[in-house]
Amino acid sequence: MTPLPSAIEVTDLVKTYGDVEAVRGVSFTVPRGEVFGFLGPNGAGKSTTINMLCTLATPTSGTARVSGFDVVAQRDDVRRHIGLVFQDPTLDGYLTATQNLRLHAELYGIDPGVIDARMNQMLEMVDLADRRDQPVMTFSGGMRRRLEIARGLLHSPRVLFLDEPTIGLDPQTRSSIWRYIRALQEAEGTTIFMTTHYMDEAELCDRIAIMDRGEIVVLDTPEALKAAVGADRVVLGTADDDAAIATLRERFGIEASIAEGAVTFHVDAGEAFVPRLFAELNVAITSVSVSRPTLDDVFMSYTGSTIRDAETDGVGSMNRAMMRAMAGARR
Ligand code: ADP
């Protein structure tokens with residue numbers, strides 16, 4: 001039996017706009033059923049890459065296959081097998097939840113015999129079954145996003161593209177959206193390709209690619225990425241900081257410093273080191289915390305930009321979405 005094709009296979013993909021090399025030869029593979037996070041600072045080339053995978057932009061060179069189909073030569077096959085949930089709201093506010101879904105089902109040529117069952121299943125999944133016959137304009141932002149996700153899934157796509165699916169939503173709605181994503185992956189083996197500026201959310205992905213200046217700078221599991229960054233951070237409260245710093249240097253060869261009022265240093269396997277410290281440090285310890293490198297540290301080390309920058313980008317897109325929404329409301 002020939003093995004099933006990967007969900008996404010990208011080889012030397014390039015996209016230039018005049019002099020701008022938006023995507024500069026990226027290659028990667030996403031296996032079926034994976035939740036794949038696509039991260040990077042603003043202008044890194046993420047949207048351009050996604051647009052090529054979704055057949056909304058034509059590659060300048062290189063190839064990409066989605067669900068086994070070539071994005072240029074088999075564009076319609078690709079489109080039939082993907083679902084899109086982008087930031088621009090595209091629901092019709094005057095129509096009910098069910099009417100919006102039915103429109104989409106007809107557009108995708110879903111077998112009329114199964115439409116109702118599939119709509120019910122998706123509305124149940126995103127907890128909107130009881131609002132099914134109400135106009136979307138009465139829905140909160142979180143409910144609309146959930147309905148967009150239900151609609152993106154209606155035609156059972158093999159690959160679902162989610163662009164910042166939880167941006168601007170409250171923590172409770174964000175975590176319920178993650179529950180649907182995981183439920184879906186388990187029930188239907190759907191591959192999820194998502195962008196996010198939330199590092200806690202990136203943490204939930206099976207693997208993450210970080211893109212910067214048109215290239216993929218690293219691709220691995222969140223655990224491996226953090227491990228590669230290295231040592232744990234240990235923060236100590238002590239009765240005598242200067243004496244503690246001197247002892248750390250003399251006995252352990254560790255250079256500690258005072259950061260935000262506490263003795264701070266980096267060491268491999270921090271949790272194993274702390275008990276030794278308690279035994280050998282001749283200064284009273286009043287508090288201790290050990291933290292592993294976070295994805296923030298990973299992001300920073302590969303892109304040179306801080307998460308704060310990335311968050312600012314996030315707010316930027318949200319503002320743009322709000323401006324669009326307001327422009328729509330005035331029309
Ligand atoms: P990201 O999604 O990571 O923020 P983009 O893919 O939107 O990045 O942009 C990558 C680069 O390509 C940027 O320099 C951007 O200005 C440029 N770019 C994107 N789309 C176009 C376009 N249609 N025409 C010209 N330049 C573009």
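# Two domains, one open sheet

Trainee: How many residue pairs are in polar contact between domain 1 and domain 2?
Mentor: The model is predicted, so a pair enters this count only with both residues at pLDDT 80 or more. The salt-bridge count between domain 1 and domain 2 is 0. For residue pairs in polar contact, the count is also 0.

Trainee: Which element gives the largest share of the side of domain 1 that touches domain 2?
Mentor: Helix 7 (199-202), strand 9 (207-212), strand 10 (215-220) and helix 8 (222-229) each give two or more residues to that side. The largest share is 3 residues, and the element behind it is strand 9.

Trainee: How many nonpolar residues does that side of domain 1 have?
Mentor: Sort the side that touches domain 2 by class. Charged residues number 2 and polar residues 4. The nonpolar count is 11.

Trainee: What separates the centres of domain 1 and domain 2?
Mentor: Domain 1 covers 8-225, and domain 2 covers 229-317. Contact involves 17 residues of domain 1 and 13 residues of domain 2. Taken over C-alpha atoms, the centres are separated by 37 Å.

Trainee: How much area do domain 1 and domain 2 bury between them, and which residues of domain 1 lose the most?
Mentor: The two domains bury about 1,300 Å², with 69% of it on carbon and sulfur atoms. On the domain 1 side, three residues together account for 41% of what is buried. They are His197, Met199 and Leu225.

Trainee: Now the sheet. Which strands stand at the edges of the order 2-1-4-5?
Mentor: The 4 strands form an open sheet with antiparallel pairing. An edge strand here has a single partner, so one side of it is left without a neighbour in the sheet. That describes strand 2 (20-30) and strand 5.

Trainee: How many bridges join strand 1 to strand 4?
Mentor: Strand 1 (residues 8-17) and strand 4 (residues 61-66) run antiparallel. Thr11 stands opposite Thr63 in strand 4. The number of bridges joining strand 1 to strand 4 is 5.

Trainee: Which residue takes a positive phi in the hairpin of strand 4 and strand 5?
Mentor: Strand 4 and strand 5 (residues 69-70) run antiparallel, joined by 2 bridges. Arg65 has Asp70 in strand 5 as its bridge partner. The hairpin has 2 residues between the strands. The one with phi near 55 degrees is Ser67.

Trainee: Which residue meets Glu148 in a salt bridge?
Mentor: The whole structure has 16 salt bridges. Look in helix 5 (residues 141-153): the two partners are 3 residues apart there, so about one helical turn separates them. The N to O distance is 3.4 Å, and the partner of Glu148 is Arg151.

Note on methods
Residues numbered from 1 in each chain as written. Predicted model: local features only at pLDDT ≥ 70, side-chain atom pairs only at ≥ 80, totals over all residues. Heavy atoms only, no water. Domains from an automatic or database assignment. Contact = heavy atoms within 4.5 Å. Buried area = accessible area lost by both parts, 1.4 Å probe. Salt bridge = Lys/Arg side-chain N within 4 Å of Asp/Glu carboxyl O. Polar contact = N/O pair within 3.5 Å; in protein donor to acceptor, adjacent residues only side chain to side chain. Nonpolar A, V, L, I, M, F, W, Y, C, P; charged D, E, K, R; others polar. Pairing = 2+ DSSP bridges.
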